[in-house]
Amino acid sequence: MIIRPGTVEDVETIHAAILRLGAHIGAPEEITSTAEDLRTYGFGEKPAFSTLIAEVGGEFAGLCLHFPIFSTWMGRPGVYVQDLYVEDRFRGRKIGERLLRRAAAQCRKDGGAYLRLSVDTDNETAKAFYERLGIAWSSYEQVQKIVGDAFFAFADAPDDEDPR
């Protein structure tokens, strides 16, 4: 097995893996990204994320899509893992663990001190996997989000309130 950085030539494979991840967790309709979105935002002038690709015998086996984050409380950078996916036929071979360790090692090399990710609340297998690796559930945090039209309305609202 090799782990290598993803390249723009991998965009179709990366997107296909994300689609399979959505199907795996029972939410394929939640994936609205396109391969072109990934090409633009991951491999353009100002990349928003990086990828690690695992291959076994030259065949795609898994993916870790991640990006840098920063903790003001720790005063240190970290890495956020957005997507971790391993093809069904390659599961049980520690590919997911190796992808996470590589992302963590790259982060540490750059001065980072932590790894963060979210897990779908119904994905008990993933929760157990992360716990086994020491990536624990945080009892004092909850993910909040605003998306779609609500996000656009929020972002586009005038900021003309007088703070007095």
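**Notes on salt bridges and helix packing in a predicted model**

1. At 51% relative accessibility, Arg101 counts as exposed, because the exposed class begins over 50%. This value, like the others below, comes from a model that is predicted. Arg101 forms a salt bridge with Glu97, and the closest N and O atoms of the pair are 2.9 Å apart. Glu97, by contrast, has a relative accessibility of 10% and counts as buried, so the bridge joins an exposed residue to a buried one. Both residues belong to helix 3 (residues 95–109), where they are four residues apart and therefore separated by about one helical turn.

2. Helix 2 (residues 35–43) holds another such pair, Arg39 and Glu36, whose closest N and O atoms are 2.8 Å apart in a salt bridge. Because Arg39 and Glu36 are three residues apart in helix 2, about one helical turn separates them. Arg39 is partly exposed, with a relative accessible area of 27%, and Glu36 is also partly exposed, with a value of 44%.

3. Which residues are linked with Glu87 in a network of salt bridges? The network consists of Arg20, Glu59, Glu87 and Arg89. Within it, Glu87 forms a salt bridge with Arg89, with the closest N and O atoms 3.8 Å apart, which is still within the 4 Å cut-off. Glu87 is buried, at a relative accessible area of 9%, whereas Arg89 is exposed, at 51%. In the whole structure, a search finds 12 salt bridges.

4. Helix 1 (residues 11–24) and helix 2 pack at an angle of about 115°, and their axes are 9 Å apart; helix 1 passes helix 2 in a right-handed crossing. On the side of helix 1, the contact is made by Val11, Glu12, Ile14, His15 and Ile18, while helix 2 contributes Ala35, Leu38, Arg39 and Phe43. Sorted by class, this contact has six nonpolar, one polar and two charged residues. Arg39 therefore appears both in this contact and in the salt bridge with Glu36, two residues that lie in helix 2.

5. Is Ser50 buried, partly exposed or exposed? Its relative accessibility is 39%, so Ser50 counts as partly exposed. Ser50 lies in strand 2 (residues 50–56) and, leaving aside residues up to four places away in sequence, touches Cys64, Leu65 and His66. Ser50 and Arg102 are 52 residues apart in sequence, while their C-alpha atoms are 12 Å apart in space.

How values were computed:
Residues numbered from 1 in each chain as written. Predicted model: local features only at pLDDT ≥ 70, side-chain atom pairs only at ≥ 80, totals over all residues. Heavy atoms only, no water. Buried < 20%, exposed > 50% of the residue type's maximum accessible area, 1.4 Å probe, protein only. Contact = heavy atoms within 4.5 Å. Axes fitted to C-alpha atoms, helices over the stretch in contact; angles between N-to-C directions. Left-handed = near helix turned anticlockwise from the far one by under 90°. Nonpolar A, V, L, I, M, F, W, Y, C, P; charged D, E, K, R; others polar. Salt bridge = Lys/Arg side-chain N within 4 Å of Asp/Glu carboxyl O.
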